[in-house]
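The following questions and answers concern a structure that is to be read alongside its sequence. Each answer sets out its reasoning before the result is given.

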Amino acid sequence: MAAALRNCLGYTAVDQRRYRQARMYHTEALDLSRRRPDPCQEARALAGLGSLDLSAGDSDRAIARATAAVTLSRRLGNDWVTSMSLVVLGLSHQFEGRNEEALACFAFAQTYAERDGRPRTLARALTCAADAHLRLGHYGEARNLFRHAIRLGEQVGDTFLCARSLTRLGTAERGEGNPSAAIALHHQALLQHRLLSPLTDPGYHWLEMDIRCRLGHAYVATGRVREASEQFQAVLDARARAHPADHALRVEGSEDREAR
């Protein structure tokens, strides 16, 4: 239980963007799981640390840890840990520009998630694959994957997942030459976003900025420049709400320049 609880605390800390604490918890879990052999918790700790390494830009270490986690979890038959570890491994390859390797990892992650049967785990693998296809301009593939992820998000009531996937589905539609459909999807994403709370959803402001930026580009694609400008301004306003101290410093600096 000691290692398991530390892993749970680590994953929670990552979700809340408390990365230093997350690393401490996962490191302790890894140490405990090796001293009192518990390969399942060792795999979970390795996957968590790999994710943190990737966030810090150390893709080589992330790949090493995620690969070790995949090897352990597959040997144990733990499909959930295997799927999550493959996602980390895929994201690490993607970080290095190895898109084919990344897509292969996401496809394997999807297979293990389907076997595990948890909708959120499957949705995670699907959205990662869809994001990769979106970056590569494979809009049709991305569209199908995002639609599947949205259905899963609705099934389990994951509002954040739905909002994030809806706005990216909108970008895929714009890429396919359907900017009007894209605009409608971005507005659906904003409606989902309004159901979230800035107190309980750490990515609240980031998600709003992402949606409005994509909506602004969709408006540009239809020639609606005024509406696009309003959305881009809303992005700046959301950033000011997310980082009030930085905003205050910029305003103060602007006023000083005007005074001079």
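Q: Is Trp 206 buried, partly exposed or exposed?
A: This is a predicted model, and the value is computed from it. Trp 206 has a relative accessible area of 37%. Buried requires a value under 20% and exposed one over 50%. Trp 206 therefore counts as partly exposed.

Q: With which residue does Trp 206 form an aromatic pair, and is the pair stacked or edge-to-face?
A: The partner of Trp 206 is Phe 160, with 6.5 Å centre to centre. The planes are 20° apart, and planes under 30 degrees apart count as stacked. The pair of Trp 206 with Phe 160 is accordingly stacked.

Q: How many residues apart in sequence are the parts that Phe 160 and Trp 206 tie together?
A: Phe 160 belongs to helix α9 (residues 159-175), whereas Trp 206 belongs to helix α11 (residues 204-221). Phe 160 is partly exposed at 24% relative accessibility. Because the two rings lie in these two helices, their pair ties together parts separated in sequence by 46 residues.

Q: How many aromatic pairs are counted?
A: Rings are paired if their centres lie within 6.5 Å. Phe 160 and Trp 206 form one such pair, and Tyr 11 and Trp 80 form another. By this rule the count of aromatic pairs is 2.

Q: What is the arrangement of the pair formed by Tyr 11 and Trp 80?
A: The ring centres of Tyr 11 and Trp 80 are 6.4 Å apart, with 75° between the planes. Planes over 60 degrees apart count as edge-to-face. The arrangement of Tyr 11 and Trp 80 is thus edge-to-face.

Q: How far apart along the chain are Tyr 11 and Trp 80?
A: Tyr 11 lies in helix α1 (residues 2-15), and Trp 80 lies in helix α5. Their pair links distant parts of the chain, with a separation of 69 residues.

Q: Which of the residues Tyr 11 and Trp 80 is buried?
A: A residue is buried if its relative accessible area is under 20%. Tyr 11, at 28%, is partly exposed. With a value of 19%, the buried residue is Trp 80.

Q: How are helices α4 and α5 oriented relative to each other?
A: Helix α4 (residues 59-76) packs against helix α5 (residues 79-95) at about 155°, with the axes 8 Å apart. An angle over 145 degrees counts as roughly antiparallel. The orientation of α4 to α5 is therefore roughly antiparallel.

Q: How many nonpolar residues has the contact of α4 with α5?
A: Among the residues making the contact are Ala 62, Ile 63 and Val 70 of α4 and Leu 86, Leu 89 and Phe 95 of α5. By class, the contact has 7 polar and 1 charged residues, and its number of nonpolar residues is 10.

Q: In which hand does α2 cross α3?
A: Helix α2 (residues 19-35) and helix α3 (residues 39-55) pack at about 150°, with their axes 8 Å apart. This angle makes α2 roughly antiparallel to α3. The crossing of α3 by α2 is left-handed.

Q: Is His 133 buried or exposed?
A: His 133 is located in helix α7 (residues 119-135). Leaving aside residues up to four places away in sequence, His 133 touches Leu 103, His 138, Glu 141, Ala 142 and Leu 145. Its relative accessibility is 14%, so His 133 counts as buried.

Note on methods. Residues are numbered from 1 along each chain as its sequence is written. This is a predicted model: local features need pLDDT of at least 70, side-chain atom pairs count only at pLDDT 80 or more; totals for chains, interfaces and linings use all residues. Side-chain values use heavy atoms; hydrogens and water are left out. Axes are lines fitted to C-alpha atoms, for helices over the stretch in contact, and angles run from 0 to 180 degrees between N-to-C directions. Helices (H or I, at least four residues) and strands (E, at least two) are DSSP runs, numbered from the N terminus. Angles under 35 degrees count as roughly parallel, over 145 as roughly antiparallel, 65 to 115 as roughly perpendicular and the rest as oblique. A crossing is left-handed if the near helix is turned anticlockwise from the far one by less than a right angle, and right-handed if clockwise. Contact means heavy atoms within 4.5 Å. Ala, Val, Leu, Ile, Met, Phe, Trp, Tyr, Cys and Pro count as nonpolar, Asp, Glu, Lys and Arg as charged, and the others, Gly among them, as polar. Rings of Phe, Tyr and Trp (its six-membered ring) pair if their centres lie within 6.5 Å; planes under 30 degrees apart count as stacked, over 60 as edge-to-face and the rest as tilted. Buried means under 20% relative accessible area, exposed over 50%, partly exposed in between (1.4 Å probe, protein chains only).
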